[in-house]
Amino acid sequence: MPATERSKVVDSIATNDLANDARKAGERVGLTGDTIVIRGGKPLRGTVDVRGAKNLATKAMVAALLGETPSILQDVPAISDVQIVSRMLEAYGVAVTSPEDGVLVLDPVNVARAHFAEIDALAGSSRIPILFCGPLLHSLGEALIPDLGGCRIGDRPIDFHLDALRAFGAVVDKSYEGIRITAPDGLSGANIELPYPSVGATEQVLLTAVRASGVTELKNAAIEPEIMDLIAILQKMGAIIWTEPNRTIFIEGVEHLKGYTHRAIFDRNEAASWASAALVTGGDIFVKGAKQLELMTFLNVYRKAGGEFEVAEDGIRFWHPGGALKAVQVETDVHPGFMTDWQQPLIVALTQAEGISTVHETVYENRFGFTEALVEMGANIVVHQDGLESLTRRVPRRKLEQAAVITGPTPLHAADVRIPDLRGGFSYLIAALAAEGTSRVSNLGLISRGYEHFVDKLTDLGADFTVEA
Ligand code: EPU
C-alpha cells in the first residue's frame, strides 16, 4: 500500500478509536448524545459547583489499596475517569460502593489478582493503571500494566515510573501482554532524583515508598496541590512523610496502613475552565468550591488579560467587565507555575484580546493540536513547533518549547468540530458558545472524562444548545 494510503488508513483508525473512547466515556456517566449543537453568542451567567479534583480523586482511590481497612473519599466528581478507576479496583477485588452522591467507600480487604483482559479493556482510556504498581506489589507481589491511554497530547512515556520502581528493587519485564513488574526480594526505600518533577512519577514514588522498608528520599519531586493532598491522605493512613525545600520529599516506610476518610481537594482545572468560559462569552460565573491559594498563578494571568474576579468564602466569581481584553504572555510550567491544563480554555479567551498573546507549552510536546479548529472558527493562531526563543525555565528540561501566537481580536464564527481530547474539548465548547451561529461539536463524551455534569451546568448558565445522538 502506498505511504499516503497507509497514512489515511492509520488516520481513520485513530479517528474511530477516538470516537469509541468518547462514546464509552460518555456512557459511563450516563451521557446519551455524541454531538452538541450550540447556538452561540450568548454570555454564560450563573453558578457552577466544582467538586473534587479528577487528578486527586483517581489517585486517592488507588491509595485505598494500601489500607487494611476501608477508606471513605468525599466530594468525588461524577466523571468517567473515576468510573474507570472504580471498575479497575473492583477487578482487583476491592468493594467500591457509593452510599450517597459524591461519596465512595473503598474496601480493599479481598484484594486479589485480576484478569489481564479486564484490566486491559479498562486501561485503554486511562493513565491511572501505572499507579497501581506499588500498591499491587505490596499486596500481591506482582503488577501487570497494559498499554496506557489518557489524552493524546504527546508521547507520555513511563520511563520515570519504571526507573523509580527499579530503584525500590522491583524487576520490570516486558511481556506480550504489557509490562510485568515483580518484587522477588520485596521493596526497599531508595534515593531517587526525577529528571523532571513529573506529577505521576512523584505519585508513583509516594504510593510505593509508604510501605517499602526503610527511608526514601525523592528529589526534584512535583509539589502540585493535588500531590500535597495525596500526602495528607497517606499521612491519615499512617504513613510518615515530610517535605523539605527544593522539591525534596522523605518517606519513612511503615508495615501497616489503615483506611482514610478524606474530602478531595477542589478541581483547579475545572475552576479555571469555567473562569475562561466567563471571559470568552462576556459572562459572569460564580465557581462555587474554587479557592484562591491553589489558583493564584491563574488569577494573576486572568487579571492581566482583563478578566475580573472576586474571592468569596465559598468560591470565586469570574466575569468580563466589558471593553477590550488584553494580550498576555504565558508559559506553562510545573507548580507553582501556570498549569498546562489551563492554557487551552484561556487561549479561546485570548482570541478576543487586543494585540499579540504568546503561550509557551513546556510540559507536553503536543498540546496545541486543538488550535486548528479555533483557526477554522476565525481565530488567528500560529503554532511554532520549535518555539520562539529560549526562555529561562523554572525547571530546565528537555527541549519542549512549542509556542502558540494568538493575534486578536478576531470574531469567532460557528463550525463543525470534532473534540480531540479533554481540555481541548472544553475549549471547543466555549469557543462555540462565544461564536456567532450554530456549531456542531462531536466526540462530546471525552469531556465527561474530567468535567462532571457539564451539560447540566451549561443549561444552568443559560447556554442555548441541544445534544444529539
Ligand atoms: N514524563 C516523562 N516520563 C515519565 C513521566 C512523565 O518523560 O515517566 C514527561 C511527560 O511526557 C510530560 C511531563 O513529563 O512531558 C509531565 O508529565 P507528568 O508525569 O507530570 O504528567 P502526568 O502525571 O502524566 C498529570 C495530569 C495531567 C496534567 C499533568 C501536569 C493526571 C491523571 N494527569 O499527568 O492532567 O496535565 O499531570 O500537571 O493527574 C488533564 O487533566 O487533562 C491532564 C492531562
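**Note on a three-stranded sheet and the ligand site**

1. Val171 has Thr182 of β8 as its bridge partner. The model is predicted, and the points below take the sheet before the ligand. Between β7 and β8, the latter spanning residues 179–182, there are four bridges, and the two strands run antiparallel.

2. The sheet is open and has three strands, in the order β6-β8-β7, with antiparallel pairing. The edges are taken by β6 (142–145) and β7 (171–174); each has a single partner strand, so one side of each has no neighbour in the sheet. On average, neighbouring strands here are turned by 20° against each other, direction ignored.

3. Around the ligand there are 26 residues, and those that come nearest are Lys59, Asp159, Ser198, Val199 and Val363. By class, the shell holds 11 nonpolar, five polar and 10 charged residues.

4. Which atoms of Asn55, Pro157 and Ser198 face ligand oxygen? For Ser198, an N or O atom of the side chain is 2.6 Å from an oxygen atom of the ligand. For Asn55, a polar side-chain atom lies 3.2 Å from a ligand oxygen. Pro157 takes part through its backbone, where a polar atom is 3.2 Å from an oxygen atom of the ligand.

5. On its own the ligand has 830 Å² of accessible area, and the protein covers 95% of that. Two or more residues of the shell come from each of these elements: α2 (54–63), α6 (159–167), α7 (199–209) and α13 (422–434).

Definitions and conventions:
Residues are numbered from 1 along each chain as its sequence is written. This is a predicted model: local features need pLDDT of at least 70, side-chain atom pairs count only at pLDDT 80 or more; totals for chains, interfaces and linings use all residues. Side-chain values use heavy atoms; hydrogens and water are left out. Two strands pair if DSSP finds at least two bridges between them. Axes are lines fitted to C-alpha atoms, for helices over the stretch in contact, and angles run from 0 to 180 degrees between N-to-C directions. A residue is near a molecule or strand if one of its heavy atoms lies within 4 Å of it. A polar contact is a pair of N or O atoms within 3.5 Å; within protein, one must be able to donate a hydrogen and the other to accept it, and residues adjacent in sequence count only if both atoms are side-chain atoms. Accessible areas come from the Shrake-Rupley method with a 1.4 Å probe; for residues, only the protein chains shown count as cover. Ala, Val, Leu, Ile, Met, Phe, Trp, Tyr, Cys and Pro count as nonpolar, Asp, Glu, Lys and Arg as charged, and the others, Gly among them, as polar.
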